[in-house]
Structure formats: structure tokens, C-alpha cells
Amino acid sequence: MSVRSTVVALVVAAAAAFSVSASAAADGGHDAAQDAMDAQVEQAGVPGALGQAQDGGGVWHGTSGVADRTTRRPPMPQDRFRIGSLTKPFIAAVMLQLEAEGTVDLDAPVERWLPGAVRGGGQDGRLITLRQLLGHTSGLYDFTADPGMQRDHFGPRFADHRYDSHDPESLVRTAMAHSRSFRPGSGWGYSNTNYVLAGMVISKATGHSYAQEIESRIIRPLKLRDTSLPGTSAGIPAPHGRAYSTLSEKGAQARVHDVTALDPSVAGASGEMISSTGDLIRFMRALLRGDVLPPRQLAEMKSTVPADGQDRYGLGLTRHRLSCGTTVWGHEGTIQGSRSTAVTTADGSHTAAFNLNGDWSGGTSDLVEAEYCG
């Protein structure tokens with residue numbers, strides 16, 4: 001049996017094993033997480049919060065606030081939402097499967113697959129490896145930090161540009177117009193450009209789009225029925241709530257805009273995906289339990305370097321050490337109008353996912369802290 005066949009068989013087995021029913025939901029032990037979601041709504045002013053956890057007590061669902069400010073309907077456990085940078089663990093997992101199959105070498109330069117694509121501002125694809133892309137140690141400029149991108153897609157001109165389509169090459173060219181952040185391998189800096197390039201490499205190496213590879217290798221085997229890669233489609237499959245943003249305005253008087261519909265190719269392989277709390281739990285649990293990657297590749301994914309604050313970053317995976325001493329693995333994702341997180345303990349015994357349908361709060365770390373340490 002090939003490496004890919006073995007991995008797919010493991011993923012199918014993991015999907016079959018994930019059968020805890022919502023009727024077995026734990027009715028205790030998640031009060032702190034519920035309180036933290038309520039605080040996001042009542043204190044930070046986020047319209048709504050959605051949470052789910054699986055642990056030894058079963059499956060818990062939590063909601064707070066509203067999914068739609070107009071109709072006032074509450075969030076629902078089956079709601080789908082944009083997951084932003086939670087796309088990155090999916091991309092990294094596919095790349096690591098390709099390494100296991102001998103298709104790519106993570107220590108080969110980007111130039112081998114994308115000749116001439118990375119040039120400008122001291123950035124050079126001949127000096128950057130695929131491993132450095134996945135681990136954010138490349139030093140590449142983040143195209144989303146470009147002032148024009150900030151103005152047109154995250155700021156006051158969003159309404160005029162929300163349906164603009166972008167190809168990955170144009171996003172990379174935007175990054176190449178700026179100087180690198182540091183010499184490759186000499187530091188750590190989060191850059192969405194890394195994962196746009198990783199998606200391009202997957203497409204070049206397989207002859208299929210990265211979306212097709214994620215679909216065939218992860219989404220279908222794991223039966224992630226709420227998870228999709230929309231490409232340039234501006235909508236979210238039903239059921240879903242609305243997504244809200246202040247579009248970089250600050251302060252109590254900042255206007256809130258409905259940003260639900262947008263062309264997610266502005267994020268591409270760095271953050272275009274749509275999912276649900278249940279699917280994110282299923283994926284993260286299977287990933288850390290070793291049902292998506294062979295042992296060597298999972299170990300590589302969990303080989304970390306210091307990142308922001310107390311966190312460490314591996315290959316598409318963040319390691320958080322919480323105040324109570326618990327360590328969780330996962331990723332956060334932000335895109336216009338949506339903040340999400342999905343984390344699990346290393347053995348997959350306690351997994352949680354949360355979504356906020358407003359992007360102006362401080363993030364989701366307090367939700368994770370409450371779930372595991374509250």
C-alpha cells in the first residue's frame with residue numbers, strides 16, 4: 001500500500017471513530033468558556049459567539065449573542081463561517097503528506113518549484129526553503145500588510161473592492177514590492193505570503209489545485225461536510241450567520257459593517273476556507289492523534305520555534321502553554337468579520353473550537369484559556 005493510501009485509510013478510520021453524539025453533551029465543566037463567550041458579547045461588543053468542545057464528558061455546545069444583527073437569530077451549532085488562517089494547518093498537512101510520499105523535499109528551495117516567483121526587496125526564492133514557508137521563518141513580507149491592501153480590503157474602501165478577485169501570483173507580486181523582514185532562517189515572523197506560495201507549490205507538484213488536494217486528502221476522508229474552499233465565490237453555504245467588521249475603525253463610535261459577502265481569493269491558500277466548529281474539532285483531533293500524517297511528518301509539524309508571546313510555532317501549528325500548565329496545539333484564524341480558533345491536547349482527548357462573528361475584539365485566547373483552565 002502506498003504512503004498516500006495508508007494515510008487516507010487512517011483518516012477514514014478516524015472519521016468513523018469520531019461518533020460522540022450531541023445528545024451525550026457534557027452539562028458541566030464548560031461554565032467558564034460560556035462566561036468568556038458572554039464577555040465577548042457583553043463587554044467587547046461582538047455580535048455573537050459560537051463554541052464547541054469534546055472531552056471525556058461528551059460534546060458541549062455554547063452560544064452567546066446573535067448570528068444576525070437584523071433578524072436577531074442566535075448562533076447555531078451547525079453554522080458555517082470563514083476560518084481565515086485556520087486554513088494553514090490544512091495546507092501544511094497536505095505538504096507534509098507530499099513529503100511522506102517523496103513528492104517534495106521540505107528543505108529544497110522555493111525556486112525549484114516556482115522559478116523566479118520570489119524576487120524583490122532582498123527576497124529570493126533560491127534562499128528560502130519550503131520548510132521555512134510552513135514555519136514562518138522565511139522573512140517574507142506579508143502581502144496583507146501592504147498599505148493598498150489594507151485600505152482596499154480591510155479599511156475604508158472595502159465596499160468598492162469586496163468582490164475583487166486575486167490570483168496567487170498577484171498576491172506574491174504585492175509582497176515582492178517590499179523589503180524582507182529578516183534573513184531566511186534567522187527569525188520568526190507571521191506572513192500570509194508564505195502560505196500563498198505553499199499553495200502554489202502544492203499545485204505545481206501535484207498538477208491539481210491546492211483546493212482539490214485538500215478536498216481529496218482531508219475533507220472527504222474525514223467527512224468534513226461543512227468544510228469547503230470557495231475560491232472566488234463570495235457566499236457562505238447555509239446555514240450561516242452574518243460577519244461584521246469595523247474595517248479598522250477604532251473606538252466606541254466605530255461603525256459596524258456587514259462583510260459577510262466577499263471574494264476570499266484575497267486570502268487564497270493563506271485563509272480562504274469555510275468550516276464549522278464540529279468539523280474543526282474533527283480535523284484537529286484527527287491531526288494530533290496521528291490519523292492524518294505518518295509519525296515522522298507529525299513530529300515535524302510539532303517541531304517548534306519561539307513565536308509571539310509564550311507561543312511556539314511548528315509547521316502550520318501553534319503550541320500554546322496555558323496559565324494552568326495545560327499545553328494545547330492548534331491555530332487561530334482571522335478574516336474580515338470572523339475570528340476563529342481550534343485547539344486540542346496532544347492526545348486529542350480534549351478539543352475545542354470557537355468563532356466570533358466580529359473581528360474587532362482582542363482575539364480568542366481568552367476563550368481557550370477559559371475552556372481549559374476555567
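Is C324 buried, partly exposed or exposed? Hold that for a second while I say what we're looking at: this is a predicted model.

Okay, C324. Its relative accessibility comes out at 40%, so C324 counts as partly exposed. And C324 has a partner: C324 and C373 form a disulfide, with 2.0 Å between the two sulfur atoms. That pair ties together distant parts of the chain, 49 residues apart. On one end, C324 sits in the loop between β11 (318-321) and β12 (327-335); on the other, C373 belongs to helix α12, residues 365-373. C373 has 23% relative accessibility, and since the cut-off for buried is under 20%, C373 counts as partly exposed too.

For those of you who like torsions: the one about the S-S bond of C324 and C373 is about -60 degrees, so this disulfide is left-handed. And if you're wondering how many disulfides the search of the whole structure finds, it's one.

Right, on to the empty space. Searching the whole structure turns up three cavities of 30 Å³ or more. I'll stick with the largest, which has a volume of about 190 Å³.

Who lines that one? There are 20 residues around the largest cavity, and nearest its centre you'll find F81, G241, R242, N355 and N357. Three strands, β1 (48-55), β3 (81-82) and β14 (351-356), each put at least two residues into the lining. β1 gives the most, with three residues.

As for chemistry, the lining of the largest cavity splits into eight nonpolar, eight polar and four charged residues. So much for the cavity; over to you for questions.

How values were computed:
Residues are numbered from 1 along each chain as its sequence is written. This is a predicted model: local features need pLDDT of at least 70, side-chain atom pairs count only at pLDDT 80 or more; totals for chains, interfaces and linings use all residues. Side-chain values use heavy atoms; hydrogens and water are left out. On a 1 Å grid over the protein atoms alone, a cavity is a set of points where a 1.4 Å probe fits but cannot get out, and a pocket is an open set with protein on both sides within 12 Å along at least five of seven lines; lining residues have an atom within 4 Å of a point. Grid points are joined across faces, edges and corners, and a volume is the space filled by probe spheres set on the points. Helices (H or I, at least four residues) and strands (E, at least two) are DSSP runs, numbered from the N terminus. Ala, Val, Leu, Ile, Met, Phe, Trp, Tyr, Cys and Pro count as nonpolar, Asp, Glu, Lys and Arg as charged, and the others, Gly among them, as polar. A disulfide is a pair of cysteine sulfur atoms within 2.5 Å. Buried means under 20% relative accessible area, exposed over 50%, partly exposed in between (1.4 Å probe, protein chains only).
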